[in-house]
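Below is a short note to accompany the model. The points are numbered for ease of reply.

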Amino acid sequence: MREKMKYEVSEPVIGDRSGACEQSTEQQRPAFCVCQGQNARANAEANMRFPSGEIHFSHTAISLSNKKVVGCFNSEDFAQLYFSMRGKSAFRIGENPKPFASFNAQQHNLLFFSDEEAQQEIKPDPQVEMLTVYIPSDFLLHYLPETGSPFSELRDNILAGKPARLRKTNLTITPRITAVLQELLNCMYTGYCKRMFVQAKVIELLMLQFEQCEQDEVPSTSGLKQTDIEKMLHARDLILQNMECPCSLIDLAHMVGTNEYYLKKHFKQVFGTTVFGYLNTYRMEQARKMLLEGDQKVGDIASALGFKYAAHFTAAFKKHFGYLPQKIKS
């Protein structure tokens, strides 16, 4: 199968006085890496250096029939919020054969490579999707909690210029994080408004990541086969495609080729919440977005999100956010 690549690369979104921050949809390599064998480090440093103090992000969607290795451009000035939506990948530093960090689908972490040579190995998969947010180290240190493990360890390593990651165990991409990532990718603002919007969303991502990091139990997909993970991703897609008329757990399990018991068990392993919990959180995030951006009535939003009665939607919204949807509309 021929490799198909689509890259979307953002321009500077903070500190760019010209306001140029529109995403490019051209067929090109993302700004954070070049293919191995093309003097990756030299090319990256010569042509792709990020301006100091600016947030950048790159969204990559790839269909791969063979393993791909890319050389990462690193700098002590930047840390990386890495989100693996689909597929599997691993980062290696220097000549060390042991991965510094490995990712399955629906996992994320915060990485800091300093100036160390690093490579990312992407495993073959029909659907590989990842999003990386590059944030200035000073920006991260400003919001990084001053006490508590692993925050203090990460801070010490960044200040010492040593490679580090927020957690040894990756975190799960939650519905709230998914909603924020989609808002980043579909931002309609321009100029200084977009820079402010992106900065706010990056702070929100950090908050969600730190909040997750403090939880005692972190879901793990280490015991799952790749086919089981793909079934859960398919189940998630079906849930979101049919919000207006959700199917039962039994029907959903049959549609993805498993049974109700394993659907509930494996879905929670992959996404860190139940099927209903995922659907409800995503619905509420979508509802808030629709209330803020549109002129739709509360009843129409409730119907679009699969609530039979507006009162049920209002109660669910208040339980989730702590205030009534009418507060936004008023």
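Which residue forms a salt bridge with K264, and how far apart are the closest N and O atoms? The partner is E260, and the closest N and O atoms are 3.9 Å apart. This pair is taken up again in point 6, after the model as a whole.

1. Confidence. This is a predicted model. The protein chain has an average pLDDT of 80, and 81% of the residues score at least 70. The lowest confidence is in strand β2 (residues 33–35), with a mean of 30, and the highest is in strand β8 (residues 107–112), at 95. Residues 1–52 have a pLDDT below 50, although this stretch has 128 contacts in the model beyond near neighbours in sequence. I would read those contacts with the confidence value beside them.

2. Overall make-up. The protein chain holds twelve helices and twelve strands. Of its 330 residues, 52% are buried. The accessible surface comes to about 16500 Å², with 48% of it belonging to carbon and sulfur atoms. Among contacts between residues at least 6 apart in sequence, 73% join residues at least 24 apart.

3. The largest nonpolar core. In soluble globular proteins, nonpolar side chains tend to be buried together. Here the largest nonpolar core has 35 residues, and L81, F83, L110, V133 and I135 have the most contacts inside it. Two or more residues each are given to this core by β5, β8, β10 (125–136), α2 (137–143), α3 (151–160), α4 (175–185) and α5 (191–213). Helix α5 supplies the largest share, eight residues. Not counting residues up to four places away in sequence, V133 touches I55, H56, F57, A79, Q80, L81, F83, L184 and V202. Apart from the largest core lies another, of 33 residues, with I229, L238, Y282 and L291 among them.

4. Helix α6. Does the end-to-end distance of α6 agree or disagree with the expected span? The 16 residues of α6 (residues 226–241) should span 22 Å at 1.5 Å a residue, and the end C-alpha atoms are 23 Å apart, so the two agree. The buried residues in α6 are D228, I229, M232, L233, A235, R236, L238 and I239. These buried residues pack against β5 (78–86), α7 (249–256), α8 (260–271) and α9 (275–293).

5. F210 in α5. F210 lies in helix α5. Its relative accessibility is 8%, so F210 counts as buried, the cut-off being under 20%. Leaving aside neighbours within four places in sequence, F210 is in contact with L110, L140, Y143, L144, P145, F151 and L166. F210 and P150 are 60 residues apart in sequence, with 9.7 Å between their C-alpha atoms.

6. Salt bridges within helices. Side chains of opposite charge can pair when their charged atoms come close. The structure holds nine salt bridges.

   In α5, the side chains of K201 and E204 meet in a salt bridge at 3.2 Å, N to O. K201 and E204 are three residues apart in helix α5, and therefore separated by about one helical turn. Both K201 and E204 are buried.

   In α8, E260 and K264 are four residues apart, so about one helical turn separates them. E260 counts as partly exposed because its relative accessibility is 30%. K264, at 43% relative accessibility, is likewise partly exposed.

   In α9, R288 forms a salt bridge with E285, and the closest N and O atoms are 3.0 Å apart. R288 and E285 are three residues apart in that helix, so they too are separated by about one helical turn. R288 is partly exposed at 23% relative accessibility, whereas E285 is buried with a relative accessible area of 7%. Elsewhere, K67, R92 and E121 are joined into one network by salt bridges that share partners.

7. T281 in α9. T281 has its place in helix α9. Is T281 buried or exposed? T281 is buried, because its relative accessible area is 16% and the cut-off is under 20%. Neighbours within four places in sequence aside, T281 is in contact with P175, R176 and H320.

Terms used. Residues are numbered from 1 along each chain as its sequence is written. Side-chain values use heavy atoms; hydrogens and water are left out. pLDDT is the predictor's confidence in each residue, from 0 to 100. Contact means heavy atoms within 4.5 Å. The expected span of a helix is 1.5 Å times one less than its number of residues. Buried means under 20% relative accessible area, exposed over 50%, partly exposed in between (1.4 Å probe, protein chains only). A nonpolar core is a set of buried Ala, Val, Leu, Ile, Met, Phe, Trp, Tyr and Cys residues joined through side-chain atoms within 4.5 Å. Accessible areas come from the Shrake-Rupley method with a 1.4 Å probe; for residues, only the protein chains shown count as cover. A salt bridge is a side-chain nitrogen of Lys or Arg within 4 Å of a carboxyl oxygen of Asp or Glu.
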